[in-house]
Amino acid sequence: MDDSDFFLSAMGDEVILLNFWLSPYGMRVRIALEEKGIKYENREEDFSNKSSLLFQMNPVHKKIPVLIHNSKPICESLIAVEYIDEVWNEQSPLLPSNPYQRAQARFWANYVDTVVYKHAMRFWTTEGEEREAAGQEFLECLKLLEEQLGDEPHFGGNNFGFVDVALVPLFCYFYTFNLYGNFISEAQYPKIISWARRCTQRESVSKSFPQEQMVKDYVSQKRNKG
Ligand SMILES: N[C@@H](CCC(=O)N[C@@H](CS)C(=O)NCC(=O)O)C(=O)O
């Protein structure tokens, strides 16, 4: 038991995450909790038989992830990440303290959420021309993100931060992208690829990602069915 465990148990915090192992949204919340060293219980949901707790905690969308902190639900992954950053603010800040930089971080996280994820999800869930178009759009987004990253190690500059947490879960599917050929070429996207490597080497990220083989099996099962 280290100091932070003692502090948390002394505080009596109960943290539960309603989750699904393959969800990139769930991974965001896990990464934020790991960054802060928060002990939590991960509860897996079965989408074909959702728990009554999920209906009770997220009656509007009935989706995971739901962070439950001392019996109170926080829904929507980026809102949960911000909540974690505010509540456990003594270490590993994820959002910058400067208001302008904070607004910028929220802007890019929102871009990742609404644009980048949309194309990535279409790429995995469609076939033929539609998948091709989604793949192209996704690559266009990566180009823009490369420019935004510039020569910094992270989107938040030197520190791993909010935009990194928002984006990096997509890269746990990196090898599944490459199951479709050499989709994200290192020569074309060197900065994003080295950023992804840097982030995935962090303990908070690697602990929150599913095992590579499980993702591969899941994707090949889906492809065989399709
Ligand atoms: N915008 C939400 C998206 C959450 C989401 O789409 N969750 C999916 C899993 S990846 C889900 O719960 N799907 C179950 C369903 O739609 O019934 C967030 O950021 O938390």
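Which residues of α2 are buried?

1. The structure discussed here is a predicted model. In helix α2, the buried residues are Pro24, Tyr25, Gly26, Met27, Arg28, Val29, Arg30, Ile31, Ala32, Leu33, Glu35 and Lys36, so that 12 of the 13 residues of this helix are buried and α2 is mostly covered. What covers these buried residues includes the strands β1 and β3 together with the helices α4, α7 and α10, the last of which comprises residues 203–208.

2. The length of α2, which comprises residues 24–36, can be checked against its residue count: at 1.5 Å a residue its 13 residues should span 18 Å, and the end C-alpha atoms are 19 Å apart, which agrees. Just after this helix comes glycine 37, which takes a positive phi of about 70°.

3. The strands that take part in covering α2 include β1 and β3, and these two are also paired with each other. Strand β1 (residues 15–19) and strand β3 (residues 66–69) run in the antiparallel sense and are joined over four bridges, and within this pairing leucine 17 has leucine 67 of β3 as its bridge partner.

4. On the other pairing of β3, four bridges join this strand to β4 (residues 72–75), again with the strands running antiparallel. Here valine 66 has cysteine 75, in β4, as its bridge partner. The hairpin of β3 and β4 has two residues between the strands, and asparagine 70 takes a positive phi near 45° in that hairpin.

5. The loop between α3 (52–57) and β3 deserves a careful look at its backbone. Proline 65 lies in this loop and is joined to isoleucine 64 by a cis peptide bond, for which omega is about 0°. Lysine 62 lies in this loop as well, and has a positive phi of about 60° although it is not a glycine. This lysine counts as partly exposed, because it has 14 C-beta neighbours inside 10 Å.

6. A further positive phi is found in the loop between β4 and α4, where glutamate 76 lies. Its phi is about 80°, although glutamate 76 is not a glycine. Glutamate 76 is partly exposed, because 19 other C-beta atoms lie within 10 Å, whereas a residue counts as buried at 20 or more.

7. Several of the residues already described return around the ligand, whose surroundings consist of Phe20, Ser23, Tyr25, Phe47, Lys63, Ile64, Pro65, Glu76 and Ser77. Among them, Ile64 and Pro65 are the two residues joined by the cis peptide bond, and Tyr25 is one of the buried residues of α2. Sorted by class, this shell holds five nonpolar, two polar and two charged residues.

8. Ser77, one of the residues around the ligand, is also among the buried residues of α4, which are Ser77, Ala80, Val81, Glu82 and Ile84. The elements covering the buried residues of α4 include α2, β3, β4 and α7.

9. Helix α5 (residues 99–125) invites the same kind of length check: its 27 residues should span 39 Å at 1.5 Å a residue, and the end C-alpha atoms are 38 Å apart, which agrees. A reader following the helix along its course should nevertheless note a bend of about 35° at tyrosine 117. The buried residues of α5 are Ala105, Trp108, Ala109, Val112, Val116, Ala120 and Phe123, and they pack against α4 (77–87), α6 (128–149) and α7 (162–167).

10. Alanine 133 has its place in helix α6, and is partly exposed because 14 other C-beta atoms lie within 10 Å. Between alanine 133 and phenylalanine 123, which are 10 residues apart along the chain, the C-alpha atoms are separated by 8.1 Å; phenylalanine 123 itself is one of the buried residues of α5.

11. Glycine 156 is found in the loop between α6 and α7, and is buried because 21 other C-beta atoms lie within 10 Å. Leaving aside residues up to four places away in sequence, glycine 156 touches Pro96, Ala105, Gly161, Phe162, Val163 and Asp164, and of these Ala105 is one of the buried residues of α5. Glutamine 56, by contrast, is 100 residues from glycine 156 in sequence and 35 Å from it in space, C-alpha to C-alpha.

Conventions. Residues are numbered from 1 along each chain as its sequence is written. This is a predicted model: local features need pLDDT of at least 70, side-chain atom pairs count only at pLDDT 80 or more; totals for chains, interfaces and linings use all residues. A residue is near a molecule or strand if its C-beta atom, placed from the backbone, lies within 6 Å of it. Ala, Val, Leu, Ile, Met, Phe, Trp, Tyr, Cys and Pro count as nonpolar, Asp, Glu, Lys and Arg as charged, and the others, Gly among them, as polar. Two strands pair if DSSP finds at least two bridges between them. The expected span of a helix is 1.5 Å times one less than its number of residues. The bend at a residue is the angle between axes fitted to the seven residues ending there and the seven starting there. Two residues are in contact if their C-beta atoms, placed from the backbone, lie within 7 Å.
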